[in-house]
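Biologist: I should like to learn how to read this model, feature by feature. Please take me through it.

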Amino acid sequence: MKTRKIAIMGFGTVGGGAYDILTANREYIRNTQGIDIEVRSILDRNSAPLSARGADVSLFCSSADELAGDPEIELVIETMGGVEPARSFIIKMLEHGKSVVTANKELLAKHWCELEPIAKAHGCGLFFEASCVGGVPIIRALGESFQGDKVRAIYGIINGTTNYILSKMSKEGCDYADALKEAQALGYAEFDPTSDVEGFDAAYKLSILGSLAFHTCLPYGRIYREGITKVTARDILNAHDLGYEIKLLAIGKRDGNSIEARVHPVFVPKDHPLASVSGAFNAVYLNGDFVGDLMFYGAGAGAHPTGSAIVSDVITALGGKKKYCDFDNCGKLDGSMELIGDFVSGYYICVTVDDKTGVLSRISTILSDNGVSIKSALQRAENNDAATVVFLTHSANEHSVMHSLQSIAKLADVRSIDSMIRVL
Ligand code: HSE
């Protein structure tokens with residue numbers, strides 16, 4: 001059996017995880033898949049990560065040109081992260097006829113439409129199962145498991161860091177800042193947590209998943225994005241009182257030529273399967289027109305779950321498979337499609353008011369004048385003659401709710417609009 005030689009660019013957590021699996025299961029893969037895979041080179045800034053992981057230091061390589069020029073290497077795993085130099089290195093590898101397996105969601109969300117034609121022109125594959133939801137095989141499922149169905153909607157908990165933080169707030173009643181500190185101490189959140197907590201990471205993944213699910217390029221920059229930094233311990237308490245958990249959801253929906261794509265915190269009913277996805281776990285809940293509802297659940301990050309997705313792509317690529325998406329209007333939403341901003345949702349609204357006669361009626365009049373119907377309301381007396389009023393609305397148009405909030409904020413006896421969170 002011919003040994004197939006591959007390389008790894010970036011030997012951090014995920015690259016190291018893929019290496020562990022390729023090494024530990026080499027014989028198993030040979031026996032079950034009929035492919036003998038050898039890691040021939042590992043590119044990084046220095047050899048320290050190789051020594052730290054107990055990898056053979058003679059595999060160390062410091063030059064992408066050297067890697068690209070090695071005729072024996074037929075495939076390269078990219079686990080460097082970030083846009084540059086990963087983008088340039090991937091292009092170099094593709095131009096030298098090497099297929100690429102990447103875990104890089106930011107790069108893919110921003111440059112898929114540049115990379116795919118290069119891969120195609122050079123007869124190479126570009127694989128990215130590991131870019132979304134770690135070890136959960138959602139990319140392959142979307143491409144190869146229910147091709148006869150139209151995917152109508154995707155609801156994803158696709159960022160483990162924010163799910164860990166929100167779960168901790170939910171279980172312990174702590175504030176966002178304290179939950180973030182613990183997530184950082186445990187290594188779930190980065191020192192600079194912006195990409196996760198502001199929803200960028202989830203938006204990159206939604207761009208990739210939505211493009212595959214809806215068969216049209218869903219440009220990352222067009223996705224509405226709101227993170228979890230404004231979710232308070234009080235919001236979580238209110239959610240519990242009303243029968244909900246708060247989750248950061250990535251939502252993609254397609255109805256004919258209309259698409260909705262948004263990432264924001266959501267009140268999820270406690271009996272919905274997504275409400276019980278806690279800690280750093282991820283899940284993608286989707287609906288197809290004939291298959292109905294499905295939920296994919298598992299570890300969305302980590303060396304070995306993500307490494308497992310990479311190794312699966314390596315085996316698929318070495319088996320000769322190549323798949324291109326060939327979006328008609330790459331980089332832009334297809335001309336026939338409309339991305340809608342005025343979607344319909346339920347809303348949770350929390351307002352602090354002067355505890356005076358008539359204030360509730362003035363607020364409900366504004367909501368009713370804008371066609372927003374109240375489903376339930378609760379009020380709590382606070383110090384300083386203030387009261388907190390919580391409304392849950394029936395389904396309403398986003399623009400009507402925003403317009404109502406602007407008018408409510410102008411009422412003399414409204415001290416502050418504290419929160420507005422959409423309801424699933
Ligand atoms: N930062 C990501 C998360 C890692 O928290 O889910 C996987 O993309």
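Biologist: In which strand does Ile251 lie?

Modeller: Helices (H or I, at least four residues) and strands (E, at least two) are DSSP runs, numbered from the N terminus. Ile251 belongs to strand β9, which covers residues 244-255. Before we continue, note that this is a predicted model, in which local features need pLDDT of at least 70 and side-chain atom pairs count only at pLDDT 80 or more, while totals for chains, interfaces and linings use all residues. Residues are numbered from 1 along each chain as its sequence is written, and side-chain values use heavy atoms, with hydrogens and water left out.

Biologist: Is Ile251 buried or exposed?

Modeller: The classes rest on relative accessible area: buried means under 20%, exposed over 50%, and partly exposed in between (1.4 Å probe, protein chains only). Ile251 is buried because its relative accessibility is 3%.

Biologist: How far from Ala153 is Ile251, in sequence and in space?

Modeller: The two residues are separated by 98 residues in sequence, and their C-alpha atoms are 7.4 Å apart. Another such pair is Lys323 and Leu126, which are 197 residues apart in sequence and 7.8 Å apart from C-alpha to C-alpha. Lys323 is found in the loop between α13 and β13 (338-339), and its relative accessibility of 43% makes it partly exposed.

Biologist: What separation do Gly302 and Ser211 show in sequence and in space?

Modeller: Those two are 91 residues apart in sequence, with 25 Å between their C-alpha atoms. Gly302 occupies the loop between β12 (292-299) and α13 (303-318) and, at 31% relative accessibility, counts as partly exposed. In contrast, Val353 in strand β14 (residues 344-354) is buried, at 1%; the C-alpha distance from Val353 to Ala412 is 9.0 Å, across 59 residues of sequence.

Biologist: Let us turn to the backbone. Which peptide bond is cis?

Modeller: Most residues other than glycine have a negative phi, and most peptide bonds are trans. Here, the bond from Glu84 to Pro85 is cis, with omega near 10 degrees. Pro85 is part of the loop between β4 (73-78) and α5 (86-95).

Biologist: Where does Val133 lie, and what is its phi?

Modeller: Val133 is in the loop between β6 (126-127) and α7 (138-144). Its phi is near 60 degrees, a positive value in a residue other than glycine. Asp385 also has a positive phi, of about 55 degrees, and sits in the loop between β15 (374-381) and β16 (386-393). As for their surroundings, Val133 is buried, at 0% relative accessibility, whereas Asp385 is exposed, at 63%.

Biologist: Which residue shares a polar contact with Glu260?

Modeller: A polar contact is a pair of N or O atoms within 3.5 Å; within protein, one must be able to donate a hydrogen and the other to accept it, and residues adjacent in sequence count only if both atoms are side-chain atoms. The side chain of Glu260 makes such a contact, at 2.7 Å, with that of Arg262. Glu260 is placed in strand β10 (residues 258-269) and is buried, with a relative accessible area of 9%.

Biologist: Which residues surround the ligand?

Modeller: A residue joins the shell if one of its heavy atoms lies within 4 Å of the molecule. The shell consists of Lys105, Asn159, Gly160, Thr161, Asp196, Asp201, Lys205, Gly300 and Ala301. Two helices, α8 (160-172) and α11 (200-214), each supply at least two of the shell residues.

Biologist: Which polar atoms approach the ligand at Gly160, Asp196 and Lys205?

Modeller: At Gly160, a polar backbone atom is 2.7 Å from an oxygen atom of the ligand. At Asp196, an N or O atom of the side chain is 2.8 Å from a ligand nitrogen atom. At Lys205, a polar side-chain atom lies 2.9 Å from an oxygen atom of the ligand. The protein covers 81% of the 260 Å² of accessible area that the ligand has on its own, an area that comes from the Shrake-Rupley method with a 1.4 Å probe.
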